[in-house]
Structures are given as C-alpha cells and as structure tokens.
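Student: Please take me through one part of this model in detail, and then place that part within the fold as a whole. I would like a single connected account, with the criteria stated as they arise.

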Amino acid sequence: MLNQKLAVTPRDEAMAWANKPFDVPYYQAWYLVIMMISLSYVTVAPIVTLMGAVYMNMRYQVDKYNICTLFYFDFESKGTTPRKAVNFLIICLFFMQVLGGFMLFGEAHVAYYVIGTLFVVVAVVLLIVALCC
C-alpha cells in the first residue's frame, strides 16, 4: 500500500502490486546443495539419489511455473551463472571422487588400489578442467 503511494511512474505503480522478484542466487545454491547431498549418497544408499532426482524434477516444475506466471525475473547474468555453477559442480565431484578413492585405498586387494588411484586421477583432471575454464 505504501509502495503504491510512493510510486511516481506507471511502471512503479505496476511494480507496487507485483510480487518480489524470483531469488535466483538463493534457489541456485539450494539446488546445488540438494544435488551434492544426493550425489554423495550414491554409493552408500542409492535410494537417496533417486529421491533427490524426484525432488529436483518436482522443484524444477514448480519454479518454472512460478517464474512464468507469478514472479518477475529481475536478474541477468550474461551467461556467467551457469558457467560458475558447472565449475562448482565439478569441484564438488572432485571431492566426492577423492573421498571415494581414499575409501578404496583401505581395501586389501591390488585391484582396489588401482581403482582408487584411478578415481583420484580422474578427480584431479576434473579439478584442473574446472579451474582452467
């Protein structure tokens, strides 16, 4: 109500009654946290990953509806946000691969040492790619 009285231009009057803008950084961080939690449980409890995928799908549909109908989109990143998100995801995959590799180092068979070393090498390559790009 107060915003409508303080409005000067027609756009200000229209925005006085509009909802708040969609908070892109908050929801993007939330999605990445949920994704990394569900990916971290892939080896221990795969059902958590499936539930995470179902949650991400439902949340995508809800946010798509909200952006298209309820909220206005007051955010423009010029394409840098998806690139930073991919870098963050690759860094998280690096830590997941390293932890998985170190878990396999404790096993008795030589094959586990080889697989663990391979996990760590792949993780280092992913980290280098993420930091260089």
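**A close look at one helix**

Tutor: Thr-49 lies in helix H4, where helices (H or I, at least four residues) and strands (E, at least two) are DSSP runs numbered from the N terminus. The model is a predicted one, in which local features need pLDDT of at least 70 and side-chain atom pairs count only at pLDDT 80 or more, whereas totals for chains, interfaces and linings use all residues. Residues are numbered from 1 along each chain as its sequence is written, and side-chain values use heavy atoms, with hydrogens and water left out.

Helix H4 comprises 25 residues, 46–70. The expected span of a helix is 1.5 Å times one less than its number of residues. For H4 this gives 36 Å, and the C-alpha atoms at its ends are 35 Å apart, so the two values agree.

Thr-49 has a relative accessibility of 19% and therefore counts as buried; buried means under 20% relative accessible area, exposed over 50%, and partly exposed in between, with a 1.4 Å probe and protein chains only. The buried residues of H4 are Thr-49, Gly-52, Asp-63 and Asn-66, and they pack against helix H3, residues 24–40. Contact here means heavy atoms within 4.5 Å. With residues up to four places away in sequence not counted, Thr-49 touches Ser-38, Tyr-41 and Val-42. Ser-38 is itself one of the buried residues of H3, together with Val-24, Leu-32, Ile-34 and Met-36. The partner helix H3 has 17 residues, and its first and last C-alpha atoms are 24 Å apart, close to the expected 24 Å.

Further along H4 comes Asp-63, which counts as buried because its relative accessibility is 5%. Once its neighbours within four places in sequence are set aside, Asp-63 is in contact with Phe-22 and Tyr-31.

Side chains of opposite charge can pair when their charged atoms come close. The criterion for a salt bridge is a side-chain nitrogen of Lys or Arg within 4 Å of a carboxyl oxygen of Asp or Glu. The count by this rule comes to one. Asp-63 and Arg-59 form a salt bridge through their side chains, at 3.4 Å from N to O. Both residues belong to H4 and are four residues apart, about one turn of the helix. Their accessibilities fall in separate classes: Asp-63 counts as buried at 5%, whereas Arg-59 is partly exposed, with a relative accessible area of 22%.

The salt-bridge partners also appear together in the lining of the second largest pocket, which is formed by Tyr-31, Met-56, Arg-59, Tyr-60, Asp-63, Lys-64 and Ile-67. Pockets are found on a 1 Å grid over the protein atoms alone: a cavity is a set of points where a 1.4 Å probe fits but cannot get out, a pocket is an open set with protein on both sides within 12 Å along at least five of seven lines, and lining residues have an atom within 4 Å of a point. The space in this pocket is about 150 Å³, with grid points joined across faces, edges and corners and the volume taken as the space filled by probe spheres set on the points. H4 gives the most to the lining, with six residues. By class, the lining holds four nonpolar, no polar and three charged residues; Ala, Val, Leu, Ile, Met, Phe, Trp, Tyr, Cys and Pro count as nonpolar, Asp, Glu, Lys and Arg as charged, and the others, Gly among them, as polar.

The wider setting of H4 is a protein with six helices and zero strands, its elements running α-α-α-α-α-α from the N terminus on. Of its 133 residues, 21% are buried. Among contacts between residues at least 6 apart in sequence, 61% join residues at least 24 apart.

The later helices offer examples of spatial approach. Arg-83 of helix H5 (residues 80–105) counts as exposed at 54% relative accessibility. Its C-alpha atom is separated by 9.6 Å from that of Ala-130, 47 residues apart along the chain. Ala-130 is among the buried residues of H6, with Gly-116, Val-120 and Ala-123. The 23 residues of H6 should span 33 Å, and its end C-alpha atoms are 33 Å apart, which agrees. Tyr-113 is also placed in H6 (residues 110–132), and it is partly exposed, with a relative accessible area of 39%. The C-alpha atoms of Tyr-113 and Phe-102, eleven residues apart along the chain, are separated by 9.0 Å.
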